[in-house]
Amino acid sequence: MNENRYKGMEEIRIDVTKQTEEELALANEHAQLIFKFNHSMPGTAEYDELMHKIFPTMGENSRVSTPLTAIRPHCVRIGKNVVVMPGCLMMSAGGITIEDGAMIAANVQLISNNHDLYERQIITCKPVHIGKNVWIGAGATILPGVTVGDNAVVGAASVVTKDVAPNTIVAGNPARFIKAI
């Protein structure tokens, strides 16, 4: 995917009090699938089937571990050879793309939506884009509108508020440039 795909993308606003019956039914279906997934035995056909129902566009040789928390998982795109470790939170109303070869460590939060400061029933959404061969350390948080460039590393427990250049290491809260790779 092209890293510039999301540059300049307008913020999407969703009023959660005005969801359609279809949107509510889809949210309920996803909640039930994720519950079943989190309570199924890893390494079984049931586990794999549920994982691919939750993420139908997931690339080959990719794996998402339980427990998983995902809101609007139909807005998540996962490439090939991606590893998502246990405890991942995906708030994906704004869209989340995880490119080929990315490694997402335990307890990472990928957050593409937030609440409006004044109208809190409105969620504001901007996509999160994780580039190819990115490594996101345990407990890191990636905030709405952030692109993590190809081959970048995000240190454990970092809070990423701005785009991360390709082939760099960032760490801290807020995440800052550490060095080029």
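Contact here means heavy atoms within 4.5 Å. With that in hand, a good place to start in this predicted model is Ser-112, a residue in the loop between strand E9 (109–111) and E10. Ser-112 has 0% relative accessibility and so counts as buried, the limit being under 20%. Leaving out residues up to four places away in sequence, Ser-112 touches a run of neighbours that includes Met-91, Ser-92, Ala-93, Gly-94, Gly-95 and Ile-96. Its contacts also include Thr-124, Cys-125, Lys-126, Pro-127 and Val-128, as well as Pro-144.

Thr-69 makes a useful second stop. This residue sits in strand E3 and is partly exposed, with 41% relative accessible area. Once neighbours within four places in sequence are set aside, Thr-69 is in contact with Cys-88, Leu-89 and Met-90. Pro-86 is 17 residues from Thr-69 in sequence, and the two C-alpha atoms are 9.7 Å apart in space.

Strand E3 turns up again in the largest pocket. The volume of this pocket comes to about 340 Å³, and 18 residues line it. Nearest its centre lie Gln-19, Ala-27, Ile-71, Arg-72 and Ala-93. Helix H1 (21–38), strand E3 (68–71) and E10 are the elements that each give two or more residues to the lining. Of these, H1 gives the most, with 6 residues. Sorted by class, the lining is made up of 11 nonpolar, 5 polar and 2 charged residues. Ala-93, one of the residues nearest the pocket centre, is also among those touched by Ser-112.

Helix H1 has a part in covering helix H2 as well. Within H2, the residues Tyr-47, Leu-50, Met-51 and Ile-54 are buried. Viewed down the helix axis, the buried residues of H2 fall within an arc of 100°, so they line one face of the helix. Their cover includes H1 and strand E2 (63–64).

H2 also carries a salt bridge, between the side chains of Glu-49 and Lys-53, at 3.5 Å from N to O. Both partners belong to this helix (residues 45–54) and are 4 residues apart, or about one turn. Glu-49 has a relative accessible area of 47% and is partly exposed; Lys-53 is partly exposed too, at 47%.

In total, the structure holds 5 salt bridges. One of them joins Glu-119 to Arg-13 through their side chains, at 3.9 Å from N to O. This pair links distant parts of the chain: Arg-13 belongs to strand E1 (residues 12–15), while Glu-119 is in the loop between strand E10 (113–115) and strand E11 (122–125), 106 residues apart. Glu-119 counts as partly exposed at 40% relative accessibility, and Arg-13 is partly exposed at 41%. The two do not stand alone, since a network of salt bridges links Glu-11, Arg-13, Asp-116 and Glu-119. Elsewhere, Lys-18 pairs up with Asp-15 in a salt bridge, with 3.8 Å between the closest N and O atoms. Lys-18 has 66% relative accessibility and so counts as exposed, the limit being over 50%.

Finally, the backbone has a few spots worth a look. Most residues other than glycine have a negative phi, and most peptide bonds are trans. Against that background, the peptide bond from Thr-66 to Pro-67 is cis, with omega near 0°. Pro-67 is placed in the loop between E2 and E3. Another cis bond runs from Asn-173 to Pro-174, with omega near -5°, and Pro-174 is in the loop between strand E18 (168–172) and strand E19 (175–180).

Positive phi values come up at two asparagines. Asn-61 has a phi of about 60° despite not being a glycine. Asn-61 lies in the loop between H2 and E2 and counts as exposed, at 61% relative accessibility. For Asn-133, phi is near 55°, again positive in a residue other than glycine. Asn-133 is in the loop between strand E12 (128–130) and strand E13 (135–136), where 46% relative accessibility makes it partly exposed.

Key:
Residues numbered from 1 in each chain as written. Predicted model: local features only at pLDDT ≥ 70, side-chain atom pairs only at ≥ 80, totals over all residues. Heavy atoms only, no water. Salt bridge = Lys/Arg side-chain N within 4 Å of Asp/Glu carboxyl O. Buried < 20%, exposed > 50% of the residue type's maximum accessible area, 1.4 Å probe, protein only. 1 Å grid on protein atoms, 1.4 Å probe; cavity = no way out; pocket = protein on both sides within 12 Å on 5 of 7 lines; lining within 4 Å. Points joined across faces, edges and corners; volume = space filled by probe spheres on them. Nonpolar A, V, L, I, M, F, W, Y, C, P; charged D, E, K, R; others polar. Arc of directions from axis to C-beta.
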